[in-house]
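The questions below ask how particular descriptions of a structure are justified. Each answer sets a value against the criterion that applies to it.

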Amino acid sequence: QVQLVESGGGLVQAGGSLNLSCAASTRAFSTVSAAWFRQAPGKEREFVAAISWSGGRTGYADSVKGRFTVSRDNAKITVYLQMNNLKPEDTAVYSCAAGVSPYTYSDYYNSRNYGYWGQGTQVTVSS
């Protein structure tokens, strides 16, 4: 069982930056892929970014490429999402997720591949 706790959300003006963190409860987290998803009011949850267990591979939604960067520190069992040049359309609840199968990184954009989820952190970008 992996528990995930996100932090770092808040209110920021368009063009600003935020750095989200997702802290895991167990070292097993360092053997699985991780991802960030977001859900805006009235919309479906959507993939944002993913990272393999080693951090060597990453993937991004087209809408955030070049603006967001996902990284991880396995010594701290924490995944990060650095968000730059934020836009009002980035407003959403951001949740991190952990995979269930060690050392796998396929279909990383598919939420069904993640078995553990955090509660989420609100990001609001004002225009």
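**From values to descriptions**

Q: Where is Asn19 found, and what makes "partly exposed" the term for it?
A: In this predicted model, Asn19 is found in strand β3, which covers residues 18–24. Its relative accessibility is 36%, and since partly exposed covers the range between under 20% for buried and over 50% for exposed, Asn19 counts as partly exposed.

Q: What is Asn19 in contact with, leaving aside its neighbours within four places in sequence?
A: With heavy atoms within 4.5 Å as the criterion for contact, Asn19 is in contact with Ser7, Gly8, Tyr80, Leu81 and Gln82. Asn84 lies 65 residues from Asn19 in sequence, and the C-alpha atoms of Asn19 and Asn84 are 8.5 Å apart in space.

Q: How do you know that β3 and strand β8 pair, and in which sense do they run?
A: Pairing requires at least two bridges between the strands, and six bridges join β3 to β8 (residues 78–83), so the criterion is met, with the two strands running antiparallel. Within this pair, Leu18 stands opposite Met83 in β8.

Q: What makes β7 a partner of β8, and which residue of β8 is the bridge partner of Arg72?
A: Strand β7 (residues 68–73) and β8 are linked by six bridges in the antiparallel sense, against a requirement of at least two, and the bridge partner of Arg72 is Val79. The hairpin of β7 and β8 has four residues between the strands, and in that hairpin Ile77 takes a positive phi near 45°.

Q: Why is β4 called mostly covered?
A: Strand β4 spans residues 34–39, and five of its six residues are buried, where buried stands for a relative accessible area under 20%; the description mostly covered therefore rests on that count.

Q: How do you know that β4 pairs with both β5 and β9?
A: The criterion is at least two bridges; five bridges join β4 to β5 (residues 46–51), which run antiparallel, and six bridges link β4 with β9 (residues 92–99), also in the antiparallel sense. Arg38 takes part on both sides, standing opposite Glu46 in β5 and opposite Tyr94 in β9. The hairpin of β4 and β5 has six residues between the strands, and Gly42 in that hairpin takes a positive phi near 75°.

Q: Why is β9 called largely enclosed by the rest of the structure?
A: Seven of the eight residues of β9 are buried, so the strand is largely enclosed by the rest of the structure. Beyond its pairing with β4, β9 pairs in the antiparallel sense over three bridges with β11 (residues 121–126), where Tyr94 stands opposite Thr121, and over three bridges with β10 (residues 114–117) in the antiparallel sense as well, where the bridge partner of Ala98 is Tyr116.

Q: What makes the phi values of Tyr103 and Asp107 worth noting?
A: Most residues other than glycine have a negative phi. Tyr103, however, has a positive phi near 60° although it is a residue other than glycine, and Asp107, which is not a glycine either, has a positive phi of about 50°.

Q: How do you know whether Tyr103 and Asp107 are buried, partly exposed or exposed?
A: Tyr103 is found in the loop between β9 and β10, and with a relative accessible area of 52%, set against the limit of over 50%, it is exposed. Asp107 also has its place in the loop between β9 and β10, but its relative accessible area is 40%, which falls between the two limits of 20% and 50%, so it is partly exposed.

Q: What makes up the protein chain, and why is it called as compact as a globular protein of that length?
A: The protein chain has zero helices and 11 strands. Its radius of gyration is 13 Å, close to the 14 Å that the globule rule gives for 127 residues, so it is as compact as a globular protein of that length. Buried residues make up 43% of the 127 residues, and among contacts between residues at least 6 apart in sequence, 59% join residues at least 24 apart.

Definitions and conventions:
Residues numbered from 1 in each chain as written. Predicted model: local features only at pLDDT ≥ 70, side-chain atom pairs only at ≥ 80, totals over all residues. Heavy atoms only, no water. Rg over C-alpha atoms; globule rule 2.2 N^0.38 Å. Buried < 20%, exposed > 50% of the residue type's maximum accessible area, 1.4 Å probe, protein only.
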